[in-house]
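Trainee: Could we take a careful look at a single part of this model, one helix, and go through how its residues are placed?

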Amino acid sequence: AINDSMPFMPNRSPEHRPLERRFNSMYFWSYWLLGIHMTFLNLWLKREGLSGTAIGALAAVMSAVAIVFTPVLGPRFDASRRQPAFLGILAALSGLFYAVFAFKLPFGILVLAMAGLSFCWTPITPFMNSMALHSRAAAAASRGFGGYRRWGSLGFAVAGAVSGWLSWATG
């Protein structure tokens with residue numbers, strides 16, 4: 001609950017700490033995965049022999065699908081009574097679509113995999129933001145919404161370091 005006497009002051013009570021930890025963890029790991037995806041997938045595709053044009057076409061598919069379908073999924077997510085499960089399903093499907101890129105497949109299959117990845121992955125961050133704000137957990141947290149996003153930034157930075165190390169270690 002929000003502190004009614006001072007609505008803009010965070011509630012620092014102990015019962016809100018588990019919720020704050022869950023949101024911090026959710027932002028850290030989702031941005032960590034985003035950082036791995038953004039830095040490593042294009043390098044992997046290049047290593048697998050795709051040209052810059054093909055990689056750019058896959059990025060264009062990702063952008064187009066995100067622009068068209070994220071707003072379509074948004075109202076369904078906001079109306080859902082099981083938003084964490086909704087996010088979990090999107091994350092699991094994203095992992096499945098992402099795994100397709102580990103195999104040497106025809107370009108048409110990669111386009112479909114990128115469309116599926118974009119459909120599932122791209123809305124995750126706005127949906128997390130919606131869930132955090134809608135549940136009013138940001139007002140209950142000791143550091144508010146910005147505190148959660150800070151953990152996302154840290155996760156993204158760690159992902160960049162891990163990706164760099166993986167690229168160096170694997171050549």
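Mentor: What follows is a close reading of helix H3, with a short look at a residue of helix H2 at the end. Please keep in mind throughout that this is a predicted model.

Helix H3 covers residues 83-99, and its 17 residues reach 24 Å from the first C-alpha to the last, which is close to the 24 Å expected at 1.5 Å a residue. The buried residues of H3 are Gln83, Phe86, Leu87, Leu90 and Ser94. Seen down the axis of the helix, these buried residues fall within an arc of 95°, so they line one face of H3. On the other side of H3, by contrast, Pro84, Ile89 and Leu96 are exposed.

Gln83, which belongs to the buried set, deserves a separate word. Its relative accessible area is 9%, and because buried means under 20%, Gln83 counts as buried. Leaving aside residues up to four places away in sequence, Gln83 touches Phe77, Asp78 and Met131.

Turning to helix H2, which spans residues 52-79, we find Pro71 within it. Pro71 has a relative accessible area of 53%, and since exposed means over 50%, Pro71 is classed as exposed. The C-alpha atom of Pro71 is separated by 8.5 Å from that of Pro123, although these two residues are 52 residues apart along the chain.

Notes
Residues numbered from 1 in each chain as written. Predicted model: local features only at pLDDT ≥ 70, side-chain atom pairs only at ≥ 80, totals over all residues. Heavy atoms only, no water. Helix = DSSP H or I, 4+ residues; strand = E, 2+ residues; numbered from the N terminus. Buried < 20%, exposed > 50% of the residue type's maximum accessible area, 1.4 Å probe, protein only. Contact = heavy atoms within 4.5 Å. Expected span 1.5 Å × (residues − 1). Arc of directions from axis to C-beta.
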